[in-house]
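Work through the exercises below with the model open beside you. Try each task before you read its solution.

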Amino acid sequence: MEKVQAFIKDNRERFLEELFDLLRIPSISADPAYKEDVKRAAETVAEGMRKAGVDEVEVIPTAGHPIVFAQKAIDPSLPTILVYGHYDVQPPDPLNLWESGPFEPVIKKTKTHPDGAIYARGSCDDKGQFFMHVKAFEAMAATGSLPCNVKFMIEGEEEVGSDHLGEFCRQYKERLTADVILISDTSIIANDTPSITTGLRGLSYVEVEVTGPNRDLHSGVYGGAVANPINVLCEMIASLMDENYHITIPGFYDDVEDLSHAEREEMNKAPFNLGHYQEDLGIRTVRGEVGYTTLERTSIRPTLDVNGIWGGYTGEGAKTVLPAKAFAKISMRLVPNQDPDKITKLFSQHFRRIAPPSVKVEVRPHHGGKPAVTPTDTPEYQAAYRAMEQTFGKAPLPKREGGSIPIVALFEEVLGVKSVLMGFGLDSDAIHSPNEHYGLFNFYKGIETIPYYHKYYAELKQD
Ligand code: BES
Ligand code: MN
Ligand code: MN
């Protein structure tokens, strides 16, 4: 292990430069205009893996964006770790709020990251994080100290719902055989408080369209007599939650797993400072489902949020118009054992039912994903525990998180393999937001920790 860590130390600068090259490629999966860039990112990832010493590297096309699959088999009697990550990123909008170009990585020092942080779209989610695995692999390979077989599966459609990954997993089931799926695409509590993610929320995402009159109208001539679809949409959305911020869709909570008092007490022991949280976000006070703490509201409780709402006139100046249509995109974060398809159905039925006769309503489902929980009493989890304890000098805490990685449930279903969520980002790293960044501390800590994971996992599996 000394050789591995020395290799990492000696190559710190180069690792960072290589990551910068990857961050410069605008691999925005959501926007078809960037299709070629997404492909170029996949090829860059593949090339980087070849240079890092992975034997079999392939860029496999799908009906959407390609998947990079690679492996280094050492010995069939050793356990196999499959690393999953994504090289695609969210659109950088709104561009004017970025202090430097989203695809021009720079290092900046901040209060949270006094050693500096890498500012770029994808720096934390997820290029900077999966890249740690490539570099950790390189360090182990270069020093002849790989304790496990390694496979990589780095996809390009995570941010748009991983539409083609399920089929890919089924098709390549044999090649994807592994003992554990290792993912760095989540966060730790703080740089001095390591944690391992033990649960993720699921997702149901819908778009709604409310139609009133057959054309836009003069808001003076018709206003007051004809239902305004934007007003109606606002009323409908407002009614989806009661005064306790409890979601009113009938049946919505039917399958929600309630945690025991002891479990809730345990999770609320995790360090959390409400004052700092509010200050970081520039809000005077938090708000959410009555009876639950902020930690619970963002992990073990389901939510309903409008992600976008539009209609009518939003250009310069004022136009007096009573619009014909109004739209909204709505996400529902789900917890065990809610089923995204069932929730989407419940939403659609309810939303159509509450529509007043003055409008027509359409609900279009988007991608969804199942929630996931991971056990802690397994060699897979214990290896992560020991690895983090080793490099942080502090035992990591288990932590359920609010984000979603739908593929985790799918891996379990299709491949029968559980995932370990050993991420190194911080919640305050502004993923999906302007000025996304990733701490240098976090980047290097990840690269140092991963070889320990491989080592401890091999040892634990032998016992
Ligand atoms: N890496 C995130 C998920 C995440 C972030 C989990 C922070 C835990 C902590 C992932 O890239 C993501 O953004 N997922 C999407 C889901 C997808 C279906 C678009 C999400 O959570 O919105
Ligand atoms: Mn991610
Ligand atoms: Mn993301």
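The exercises cover two metal sites, a cavity and a pocket.

This is a predicted model, in which local features need pLDDT of at least 70, side-chain atom pairs count only at pLDDT 80 or more, and totals for chains, interfaces and linings use all residues. Residues are numbered from 1 along each chain as its sequence is written, chains are lettered from A and ligands numbered from 1 in the order in which they are written, and side-chain values use heavy atoms, with hydrogens and water left out.

**Exercise 1.** Find the protein donors of the manganese ion (ligand 2) and describe their arrangement.

Step 1. Apply the donor rule: N, O and S atoms within 2.8 Å of the metal count (3.2 Å for Na, K and Ca), and sites may look incomplete because water is not among the atoms.

Step 2. List the atoms. H86 gives NE2, D125 gives an OD atom, and D185 appears twice with OD. They lie 2.0 to 2.3 Å from the ion.

Step 3. Check the angles. Four donors are tetrahedral if all angles lie between 85 and 135 degrees; four are square planar and six octahedral if opposite donors are over 155 degrees apart and all others between 65 and 115; anything else is irregular. The six donor atoms here subtend 57 to 167 degrees, so the arrangement is irregular.

Step 4. Place the residues. Along the chain the spacing is H-x38-D-x59-D. H86 sits in strand β3 (residues 80-86) and D125 in the loop between β5 and α4, so this pair ties together parts that are 39 residues apart in sequence. Helices (H or I, at least four residues) and strands (E, at least two) are DSSP runs, numbered from the N terminus.

**Exercise 2.** Do the same for the manganese ion (ligand 3), and find which residue bridges it to ligand 2.

Step 1. The protein donors are D125 (OD), E159 (OE, listed twice) and H432 (NE2), at 2.1 to 2.5 Å.

Step 2. The angles among the six donor atoms run from 55 to 157 degrees, and the site is irregular.

Step 3. D125 is the bridge, and the two manganese ions lie 3.6 Å apart. D125 lies in the loop between β5 (117-119) and α4 (127-142), and E159 in the loop between β6 (149-155) and α5 (165-171), so the pair links parts 34 residues apart in sequence.

Step 4. D125 and E159 are both buried. Buried means under 20% relative accessible area, exposed over 50%, and partly exposed in between (1.4 Å probe, protein chains only).

**Exercise 3.** Which residues line the largest cavity?

Step 1. On a 1 Å grid over the protein atoms alone, a cavity is a set of points where a 1.4 Å probe fits but cannot get out; a pocket is an open set with protein on both sides within 12 Å along at least five of seven lines; lining residues have an atom within 4 Å of a point.

Step 2. The lining is A372, V373, T374, V408, E412, V417, K418 and S419. β16 (372-373) and α12 (407-415) each supply at least two of the lining residues.

Step 3. Look at S419. It lies in strand β18 (residues 419-421). S419 is buried, at 5% relative accessible area. Beyond its neighbours within four places in sequence, S419 has contacts (heavy atoms within 4.5 Å) with I181, I183, T374, V408 and F411.

**Exercise 4.** Which element gives the most to the lining of the second largest pocket?

Step 1. This pocket has 22 lining residues; G368, G369, K370, P406 and L410 lie nearest its centre.

Step 2. β15 gives the most, with five residues.
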